[in-house]
Amino acid sequence: MSEFSATDGVHMARALRLAKRGQYTAHPNPMVGCVLVRDGVVVGEGWHQHAGEAHAEINALRAAGDNARGATAYVTLEPCAHHGKTPPCVDALIQAGIAAVCAAMQDPFSEVGGRGLAALVDAGIGVRHGLMRAAAEELNAGFLSRVVRKRPFVRLKMASSLDGGVAMADGQSQWITGPEARADTQRLRARSGAIMTGIGTVVADDPLLTVRDPELDTGGCQPLRAVLDSHLRMPLSAGMLALPGTTLIYCIDPQRQQPLTDTGAEVVVIDAVEQHVDVSAVLRDLADRQINDVLVEAGPAVAGRMIENQLIDELVIYLAPHIMGSQTKRMFQTPTWSALADRQDLLVCDVCRIGADTRITARPSERSNSP
């Protein structure tokens with residue numbers, strides 16, 4: 001018999017919905033929600049809104065006031081027990097007189113890692129964990145990836161015709177999909193700590209890699225911009241170089257770095273793999289910069305190399321209802337694949353209509369690098 005009741009599930013589901021409200025603003029911290037329940041009544045709730053500000057438990061305690069005493073706290077992640085930018089949440093829960101804590105999952109972060117739950121037990125507070133764990137882990141797949149694998153969760157976005165065309169032979173690609181799909185991409189950008197592209201895309205399209213939808217509340221933050229530019233071909237006229245925020249240019253040959261550094265960009269020299277930037281090393285560097293989620297918006301060459309090297313955790317493909325014909329560039333360049341056995345099997349997680357287009361979300365079905 002399960003130790004969790006249907007009522008427990010209702011309150012944890014609410015906590016998960018609250019946590020998701022921080023998807024555009026909480027990073028690099030995990031998204032966390034908290035619901036306080038006393039005598040069957042919700043007396044307070046909260047979520048982690050901005051990194052460096054109050055955690056979900058503190059916001060819920062503030063909302064509950066004196067009603068927190070004797071309540072059960074439903075929280076999507078183990079309360080912290082260490083001093084970071086804010087004091088430990090376990091201390092606040094104990095001082096508030098919380099009677100019990102139900103956590104969806106333990107925090108794998110080295111400074112927590114079970115210490116929060118242990119401190120609650122030591123204080124005589126009833127503790128349970130594991131309720132809706134899979135949903136909590138999925139919500140914070142990026143945070144878990146950075147903490148456990150030491151690399152961000154990598155999401156590849158592609159826009160294609162039904163026959164797999166991403167650009168005409170001369171490079172024309174704007175716009176394959178409709179305005180609704182492009183707006184949906186803005187949401188993908190907003191939930192990402194960094195957006196990565198290749199120098200070929202920069203030269204062809206001059207992308208800004210910014211969140212531009214005014215309806216998305218990102219707290220004024222923009223994703224970090226990362227460009228794979230092995231031989232520093234980055235044009236000094238590139239639009240992103242004139243923007244505020246951080247532009248990282250990853251290269252293996254730094255000879256031209258001074259003019260780019262003068263624009264405010266940061267040039268990072270990375271080891272080479274077959275005369276290309278080692279993308280695995282790039283991802284490790286981004287993790288060191290506390291990036292949880294990377295959105296890749298790149299051309300077939302970069303996309304193909306990352307697929308071949310098993311560096312993609314999720315694909316988001318927007319299929320437009322038209323055929324572009326045989327004189328097109330395809331989604332992936334995979335020169336090392338020559339047999340049917342080389343193919344990458346995918347697990348389709350979601351299919352939905354976005355305007356006139358179809359969005360397919362899929363993940364490699366046999367990943368040794370899952371978070």
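Here are legends for three close-up views of this predicted model.

**View A. L36 in the largest nonpolar core.** This core has 48 residues, and L36, L61, I98 and V101 are those with the most contacts inside it. Take L36 as your starting point: setting aside its neighbours within four places in sequence, it touches V41, V42, V43 and G44. Its contacts also include A60, L61, A64 and A68, along with T72, A73 and I98. Apart from the largest nonpolar core lies another core, of 34 residues, with V154, L286, M306 and M331 among them.

**View B. Helix 6 and its surroundings.** Helix 6 spans residues 141–149, and because eight of these nine residues are buried, the helix is largely enclosed by the rest of the structure. Look for A141, G142, F143, L144, S145, R146, V147 and R149, the buried residues of helix 6. What covers them includes two helices, helix 5 (133–139) and helix 10 (279–288), as well as strand 6 (153–161) and strand 14 (293–296). Just after helix 6 comes K150, where phi is positive, near 65 degrees.

**View C. P108 in its loop.** You will find P108 in the loop between strand 4 (100–103) and helix 4 (115–122). With a relative accessible area of 32%, P108 is partly exposed. Leaving aside neighbours within four places in sequence, P108 is in contact with F143, L144, V147 and V148. F143, L144 and V147 may be familiar from View B, as they are among the buried residues of helix 6. For a sense of scale, P108 and A92 are 16 residues apart in sequence and 21 Å apart in space, C-alpha to C-alpha.

Note on methods: Residues are numbered from 1 along each chain as its sequence is written. This is a predicted model: local features need pLDDT of at least 70, side-chain atom pairs count only at pLDDT 80 or more; totals for chains, interfaces and linings use all residues. Side-chain values use heavy atoms; hydrogens and water are left out. A nonpolar core is a set of buried Ala, Val, Leu, Ile, Met, Phe, Trp, Tyr and Cys residues joined through side-chain atoms within 4.5 Å. Buried means under 20% relative accessible area, exposed over 50%, partly exposed in between (1.4 Å probe, protein chains only). Contact means heavy atoms within 4.5 Å. Helices (H or I, at least four residues) and strands (E, at least two) are DSSP runs, numbered from the N terminus.
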